[in-house]
Structures are given as structure tokens and as C-alpha cells.
Amino acid sequence: MKKMRVVVRRFNGLTRSAVIRSMRYGECQKNHAASIGGYALDGCREFMASGEEGSDDALNCAACGCHRSFHRRELDSAEVVCEYTRPSYSGQ
């Protein structure tokens with residue numbers, strides 16, 4: 001199972017926070033019978049990268065050969081890493 005970490009930064013007024021989300025790619029949802037008007041899935045249960053992180057093969061599944069975008073994306077967790085408020089200055 002290959003997990004990917006995504007960092008999302010949000011800026012709301014004076015508050016700044018970073019959120020780390022861990023994504024997992026589940027079962028393949030590619031319809032292999034779409035060209036003949038049917039509906040058939042291959043049964044691949046989860047995405048397994050074919051190559052190293054950062055390579056072109058990392059986006060292809062080793063089990064079914066499909067691109068990662070055909071696999072259902074699941075958001076495992078979300079947590080606030082850091083949050084702070086800028087000090088307000090009252091001066092001239």
C-alpha cells in the first residue's frame with residue numbers, strides 16, 4: 001500500500017495553519033467493457049506503484065496496469081501541524 005502525504009497551507013486573516021493529509025488509493029474503478037457498452041471491473045483491490053517515487057512508473061499500478069487516477073482516492077487522516085497568530089502592533 002503506497003501512501004502519499006500532501007501539505008495544504010491555508011491563510012485566513014491573521015491565522016496561518018498547515019494541514020497534513022495522508023492519501024491512499026483503493027480499488028480500481030476502470031470500466032474495461034465501456035467500449036462495448038458494458039460494465040466490468042478487473043478486481044484490483046488497491047493501488048501498488050510499479051516504480052520508485054517520482055518516476056513515470058510510480059503512477060501505474062503493478063497489479064492491474066492502470067493509471068493511478070482510476071483508483072479510488074481515500075483520505076486517511078487530517079491534522080493541524082502548526083498554527084499561530086501574528087502579533088498585532090499598535091504603533092505609529
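Which residue does the side chain of E46 meet in a salt bridge? In this predicted model, the partner is R24, and the N to O distance between the two side chains is 3.6 Å. E46 belongs to the loop between β2 and β3, whereas R24 sits in strand β2, so the pair ties together parts that are 22 residues apart in sequence. E46 has a relative accessibility of 28% and therefore counts as partly exposed. Side chains of opposite charge can pair when their charged atoms come close.

The pair formed by E46 and R24 is not an isolated case, as a search of the whole structure finds four salt bridges. A further one joins the side chains of R72 and E27, at 2.7 Å from N to O. Here the residues come from two strands, R72 from β3 and E27 from β2, so this pair ties together parts that are 45 residues apart in sequence. Both partners are partly exposed, with relative accessibilities of 33% for R72 and 22% for E27. R72 also forms a salt bridge with E74, and the closest N and O atoms of that pair are 2.8 Å apart. E74, in contrast, is buried, because its relative accessible area of 16% is under the 20% limit. Through shared partners, the salt bridges join R24, E27, E46, R72 and E74 into one network.

The surroundings of E74 were examined next. E74 is placed in strand β3. Its side chain makes a polar contact with the side chain of R72 at 2.8 Å. When neighbours within four places in sequence are set aside, E74 is in contact with S22, M23, R24 and G26. Of these contacts, R24 is also a member of the salt-bridge network, and M23 is a member of the largest nonpolar core.

That core consists of seven residues, namely M23, Y25, C28, C44, F47, C61 and C66. One of them, C66, has contacts beyond its neighbours within four places in sequence: C28, K30, H32, D42, L59, N60, C61 and H71. C28 and C61, which appear among these contacts, are core members as well.

D42, another contact of C66, lies in the loop between β2, residues 15-28, and β3, residues 71-85. With a relative accessible area of 35%, D42 is partly exposed, because this value falls between the 20% limit for buried residues and the 50% limit for exposed ones. Not counting residues up to four places away in sequence, D42 touches C28, H32, C64 and C66. The contact with H32 includes a polar one between the two side chains, at 3.5 Å. A polar atom of the D42 side chain also lies 3.1 Å from the backbone nitrogen of C44, and C44 is itself part of the largest nonpolar core. Finally, D42 and N31 are 11 residues apart along the chain, and their C-alpha atoms are separated by 8.1 Å.

Key
Residues are numbered from 1 along each chain as its sequence is written. This is a predicted model: local features need pLDDT of at least 70, side-chain atom pairs count only at pLDDT 80 or more; totals for chains, interfaces and linings use all residues. Side-chain values use heavy atoms; hydrogens and water are left out. Helices (H or I, at least four residues) and strands (E, at least two) are DSSP runs, numbered from the N terminus. Buried means under 20% relative accessible area, exposed over 50%, partly exposed in between (1.4 Å probe, protein chains only). Contact means heavy atoms within 4.5 Å. A polar contact is a pair of N or O atoms within 3.5 Å; within protein, one must be able to donate a hydrogen and the other to accept it, and residues adjacent in sequence count only if both atoms are side-chain atoms. A nonpolar core is a set of buried Ala, Val, Leu, Ile, Met, Phe, Trp, Tyr and Cys residues joined through side-chain atoms within 4.5 Å.
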